[in-house]
Each structure stands twice: as C-alpha cells, then as structure tokens.
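Visitor: Please take one part of this structure and go through it closely. I would like the strands first, then whatever else helps to place them.

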Amino acid sequence: MSYQFITSAKLPTRHGEFDIHIFENDDGQEHVMLTVGLPVVDQKTADGLSNDSDGQSNQNSAASAERPTPLVRIHSECLTGDAFSSLKCDCGPQLNTAMQAIQETGCGAILYLRQEGRGIGLTNKIRAYALQDQGHDTLDANLMLGLPADARIYDMCGPMLAHIGVDAVKLITNNPDKVAYLTEHGIDVVERVPLLVGVNDMNAEYLATKRDRMGHLLDKDLNTAIHLNK
Ligand SMILES: [Zn+2]
C-alpha cells in the first residue's frame with residue numbers, strides 16, 4: 001500500500017494551533033497528521049508538482065538538526081472516544097493529553113490513523129461492545145466475533161514522518177508494539193513517554209485487559225505507566 005500527501009492547512013484548536021496534513025492510500029482512505037514546529041521537508045510532495053526542491057531541502061535539513069527530537073503520538077481513530085467522550089476506553093483523554101503535551105513542547109506530531117476499533121471498523125467495534133455488555137472482556141469479545149484482537153497496521157507512519165523529515169522521535173505510548181514497529185522501520189525511538197489518563201470506573205477493566213492480555217505497560221493499580229527497561 002502506498003500513501004500520498006494530498007493537502008495541508010492551519011488548524012487552530014483549544015490546545016493551540018496545529019498544521020493539519022491529509023494523506024491518502026491507494027484505496028482513497030484518508031489519514032491525518034497534526035504537527036507543531038515541524039516544517040515539511042519534501043517540497044516535491046508538499047506542492048504535488050515541483051521538482052525544484054534542493055535548496056529548500058538543504059535549508060530544512062539544517063533546521064531539523066537544530067530542533068529538539070519531536071514528541072510523537074500514533075493514535076488510531078476511535079469515534080466513540082475521540083468525538084463522543086465515551087468512558088468505555090481512554091482514547092479521548094489520551095488524544096487530548098497528547099495534543100496538549102505537543103503544544104507545550106512546541107515540536108511534535110499526532111499521526112491520526114483512520115483504523116477505527118483497533119482496525120476492525122466501527123460496526124464490529126459496536127458488536128464487540130454488545131458482547132461486553134453481556135460480561136465478556138474486550139479481547140474475548142473480538143475473538144467471539146472471529147476478529148483479531150488487534151488488526152491495526154502502521155505502514156503509513158513512515159511516509160507521514162518522512163514528509164516532515166522526522167527519523168527520531170520521543171514516542172507517547174504504553175504499547176511496546178508501536179516502539180518495536182518504528183524501530184524495525186528505521187525510526188529511532190529515543191524515548192518512550194508513558195501516557196495514562198482518563199481512568200474511570202467504566203474503563204478500568206478494559207485497561208486491565210490491555211495490560212494483562214495485550215502487553216501494554218501499565219502497573220497493577222493502573223496509576224503509573226512503567227518505563228521500558230531497554
Ligand atoms: Zn477508544
């Protein structure tokens with residue numbers, strides 16, 4: 001699957017102003033990147049036409065050598081959490097906290113990947129919620145529907161980060177799979193920044209399942225994320 005930059009614009013938010021960049025894959029599916037303090041380095045893809053980018057690239061290489069390592073969050077779409085403030089998961093608070101943290105550092109990006117419900121889609125996610133209403137946990141519900149626990153892919157991250165000339169990141173995540181994926185694909189994760197927000201009575205069990213059955217790095221009280229040892 002290949003990914004193409006389409007367009008970008010300013011996006012003022014209650015956390016501050018971002019640049020919003022739209023990418024599309026071969027099937028026309030859209031993915032989104034929000035950035036702060038990270039100029040586009042690939043002018044050829046930035047304007048979709050010009051090949052006369054050498055001078056600009058050199059300028060931007062010099063700029064990237066001077067800037068701090070950007071704070072990056074890879075966030076997969078969760079309509080119920082991100083837009084409707086669902087208490088069944090921690091996605092909404094995680095997204096908002098990451099946006100705020102990136103604004104505070106002044107250099108970073110949110111890669112907002114349109115793979116709803118850990119990649120199974122909105123309809124299947126709600127089917128799984130119906131099973132959870134009957135007492136099954138988030139993982140078993142997916143398995144009962146014949147769906148993988150996690151169907152997300154991350155192959156759009158490389159092209160998105162390349163667009164802003166980023167090959168090293170401080171990654172905001174509790175998920176060691178994301179660290180491993182980026183590292184395997186040539187992105188240097190210089191630091192994992194743990195993120196734990198939005199724990200409530202409704203999602204504590206969901207978070208415990210992510211910790212106990214899906215390898216997320218959360219401690220037994222769900223209070224503090226644990227640093228990677230390596
Ligand atoms: Zn969610």
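Guide: What follows is a close look at one strand and its partners, then the metal site, a helix and the chain as a whole.

The model is predicted. Start with strand β3, residues 30-36. Of its 7 residues, 6 are buried, so the rest of the structure largely encloses β3. Buried here means under 20% relative accessible area.

Which strands pair with β3? One is β2, residues 16-25. β2 and β3 run antiparallel, and 6 bridges join them. Within this pairing, Phe 23 stands opposite His 31 of β3. The two strands form a hairpin with 4 residues between them. Gly 28 in that hairpin takes a positive phi, near 85°.

Strand β5, residues 108-113, also pairs with β3. The sense is again antiparallel. This pairing spans 5 bridges. Look for Leu 34: its bridge partner in β5 is Ile 110.

Now the metal site. A zinc ion has three cysteine sulfurs as protein donors: the SG atoms of Cys 78, Cys 89 and Cys 91. They lie 2.2 Å from the zinc ion. Along the chain, the donors follow the spacing C-x10-C-x1-C. Cys 78 and Cys 91 link distant parts of the chain, 13 residues apart. Cys 78 sits in the loop between β4 (71-76) and α3 (79-83). Cys 91 belongs to helix α4, residues 91-105. Both Cys 78 and Cys 91 are buried. Water is not among the atoms, so the site may look incomplete.

Next, helix α9, residues 204-214. Its buried residues are Tyr 206, Leu 207, Ala 208, Thr 209, Lys 210, Arg 211 and Met 214. Lys 210 and Arg 211 are thus on the buried list, alongside Leu 207 and Met 214. The cover over these buried residues includes α6 (138-144). Just after α9 comes Gly 215, with a positive phi of about 80°.

Finally, the whole chain. Its secondary structure comes to 9 helices and 7 strands. The chain has 230 residues, and 45% of them are buried. Take the contacts between residues at least 6 apart in sequence: 59% of these join residues at least 24 apart. The chain exposes about 11400 Å². Carbon and sulfur atoms supply 50% of that area.

To return to the strand: β3 has β2 as an antiparallel partner, and β5 as another.

Conventions. Residues numbered from 1 in each chain as written. Predicted model: local features only at pLDDT ≥ 70, side-chain atom pairs only at ≥ 80, totals over all residues. Heavy atoms only, no water. Buried < 20%, exposed > 50% of the residue type's maximum accessible area, 1.4 Å probe, protein only. Contact = heavy atoms within 4.5 Å. Areas by Shrake-Rupley, 256 points an atom, 1.4 Å probe, with all protein chains shown as cover. Donors = N, O, S within 2.8 Å, 3.2 Å for Na, K, Ca; no water. Pairing = 2+ DSSP bridges.
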